[in-house]
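This report describes the architecture of one protein chain for a reader working at the bench. The sequence and the model are shown first, and the description follows.

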Amino acid sequence: MPRRLPGLLLLLWPLLLPPPPAAPANPGPPARTVFRRLGTLGPRGSPGRHPAPAAPTGAPYLGAGLPGGARGAGVCKSRPLDLVFIIDSSRSVRPLEFTKVKTFVSRIIDTLDIGEANTRVAVVNYASTVKIEFHLQDHSDKQSLKQAVGRITPLSTGTMSGLAIQTAMEEAFTVEAGARGPSSNIPKVAIIVTDGRPQDQVNDVAARARASGIELYAVGVGRADMESLKMIASEPLDEHVFYVETYGVIEKLSSRFQETFCAQDQCASGTHGCQHLCVSDRAGSHHCECYEGYALNEDKKTCSVRDKCALGSHGCQHICVSDGAASYHCDCYTGFTLNEDKKTCSAVEEARRLISTEDTCGCEATLAFQDKVSSYLQRLNTKIDDILAKLQANEYGQIHR
């Protein structure tokens, strides 16, 4: 009797197959996202991913520790000067009035940053003669400077304003006397205080002083000749000519000069015009800088994108590689491969290990199943052989009866 094992096996095969291996509960470590500080170098020297800085808004950067406020109210810091006071001590200036002048000088000194690297002060005293009371290099602190002012005494009759300006220009504003040279960019400033009409020519000498780089302020008191003050002072006259009716109120002008000599911190006041960062320099100046990933334009104020990777908004999971000012591409660390989205990465070795493990498990399961089926078929064949033998014996007995 022919065997029908193939058909039987086809019917039994789906029931005998083991279920497919379940997916591992943990398919491997998740793809790693590495964060690096901007400016540090990852593989291939490229900045790693970092949260992007706040988008520039054009708002001024005030800087740490810099208070806001109006000029002269916390923002102000006096700029370095070579400052010479030229004070009239002729007989028309009474002793008490001369004391008021010295108080005026001392109060201005109080508003300044005095020192060898900051503001230096000298005093020229004049009447019919001229005397340099002390030079720019003589005092480097406020206390000794104000003490020296307090010791000044009136001279005599006469008002030789022209001679006083010439003496200041030729003797007080010299490097030998403590003035700083042109390369230092330190302003040279003179304040002349008088209550009368000059008894000599001031027009020409004042013009020469201004041409030499000295900024002249003229303060008139009482009977002072306004035309002469205008001939002495620098332009614009409304910022360089002051007048008070008596010496009793001259001290009030000290606040005006404090504001005038204020080195306004433009970074703190918001008048700098920098698109990103404003950096205060000494002597009241400043310069603009840009956030990382940007470059300063030729106007020295605005910024353009230089490196999109440094901006932190590239979206690369591992590494951002800059291809120029406006382009970039993503890369992966060693052992990872870039996915089709060109931004994320997958671990190559982990994938290979997982596939290899699955193959091994599949082979072992298949072999075990094959052994089980072979054993079952052997037992089944034995039973079928027994049945066939019994059938044959039965048929033989019936034939020979």
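The crossing of helices α2 and α8 is right-handed. In this predicted model, the axes of the two helices come within 9 Å and cross at roughly 35°. On the α2 side the contact is made by Phe104, Arg107 and Ile108, and on the α8 side by Leu253, Ser254 and Phe257. Sorted by class, the residues of this contact are four nonpolar, one polar and one charged.

**The nonpolar cores**

The largest nonpolar core has 33 residues. Those with the most contacts inside it are Leu83, Phe85, Ile191, Ile250, Phe257 and Phe261. Elements that give two or more residues to this core include the strands β2 (82-88), β3 (120-126), β5 (188-194), β6 (214-221) and β7 (241-244). The helices that do so are α2 (95-110), α3 (142-150) and α8 (253-260). Helix α2 supplies the largest share, six residues. A second, separate core has 28 residues, among them Ala190, Ile214, Leu229 and Ile232. In soluble globular proteins, nonpolar side chains tend to be buried together.

Two residues of the largest core may be taken in turn. Phe261 is in contact with Ser78, Arg79, Leu81, Leu83, Ile108, Leu112, Val189, Ile191 and Tyr217, leaving aside its neighbours within four places in sequence.

Phe85 lies in strand β2. Its relative accessible area is 0%, and because buried means under 20%, Phe85 counts as buried. Not counting residues up to four places away in sequence, Phe85 touches Val105, Ile108, Val121, Ala122, Val123, Val124 and Ile191. Of these partners, Val105 stands 20 residues from Phe85 along the chain, yet the C-alpha atoms of the two are separated by 7.7 Å.

**The six-stranded sheet**

Strand β2 belongs to an open sheet of six strands, in the order β4-β3-β2-β5-β6-β7 and with mixed pairing. The edges are formed by β4 (130-134) and β7; each has a single partner strand, so one side of each is left without a neighbour in the sheet. From one strand to the next, the twist averages 20°.

Two of the strand pairings within the sheet are set out below.

| Strand pair | Direction | Bridges |
|---|---|---|
| β2 and β5 | parallel | six bridges |
| β3 and β4 | antiparallel | four bridges |

In the pairing of β2 with β5, Ile86 stands opposite Ile192 of β5. In the pairing of β3 with β4, Val123 is placed opposite Phe134 of β4. Strands β3 and β4 form a hairpin, with three residues between them. Helix α4 (residues 161-172) lies across β2, β3, β4, β5 and β6, and runs at about 45° to β4.

**Backbone features in the loops**

Most residues other than glycine have a negative phi, and most peptide bonds are trans. Several sites in this model depart from that pattern and may merit inspection of the backbone.

Which residues are joined by a cis peptide bond? They are Glu235 and Pro236, with omega at about -10°. Pro236 is placed in the loop between α6 (226-232) and α7 (237-240).

Asn185 has a positive phi, near 60°, although it is a residue other than glycine. This asparagine is found in the loop between α4 and β5. Is Asn185 buried or exposed? Asn185 has a relative accessibility of 65%, and because exposed means over 50%, it counts as exposed.

Lys300 likewise has a positive phi, near 65°, in a residue other than glycine. Lys300 sits in the loop between β11 (294-296) and β12 (303-305). At 56% relative accessibility, Lys300 counts as exposed.

**The chain as a whole**

The secondary structure of the protein chain comes to 11 helices and 16 strands. The chain has 401 residues, of which 36% count as buried. Among contacts between residues at least 6 apart in sequence, 63% join residues at least 24 apart.

Key:
Residues are numbered from 1 along each chain as its sequence is written. This is a predicted model: local features need pLDDT of at least 70, side-chain atom pairs count only at pLDDT 80 or more; totals for chains, interfaces and linings use all residues. Side-chain values use heavy atoms; hydrogens and water are left out. A nonpolar core is a set of buried Ala, Val, Leu, Ile, Met, Phe, Trp, Tyr and Cys residues joined through side-chain atoms within 4.5 Å. Buried means under 20% relative accessible area, exposed over 50%, partly exposed in between (1.4 Å probe, protein chains only). Contact means heavy atoms within 4.5 Å. Axes are lines fitted to C-alpha atoms, for helices over the stretch in contact, and angles run from 0 to 180 degrees between N-to-C directions. A crossing is left-handed if the near helix is turned anticlockwise from the far one by less than a right angle, and right-handed if clockwise. Ala, Val, Leu, Ile, Met, Phe, Trp, Tyr, Cys and Pro count as nonpolar, Asp, Glu, Lys and Arg as charged, and the others, Gly among them, as polar. Two strands pair if DSSP finds at least two bridges between them.
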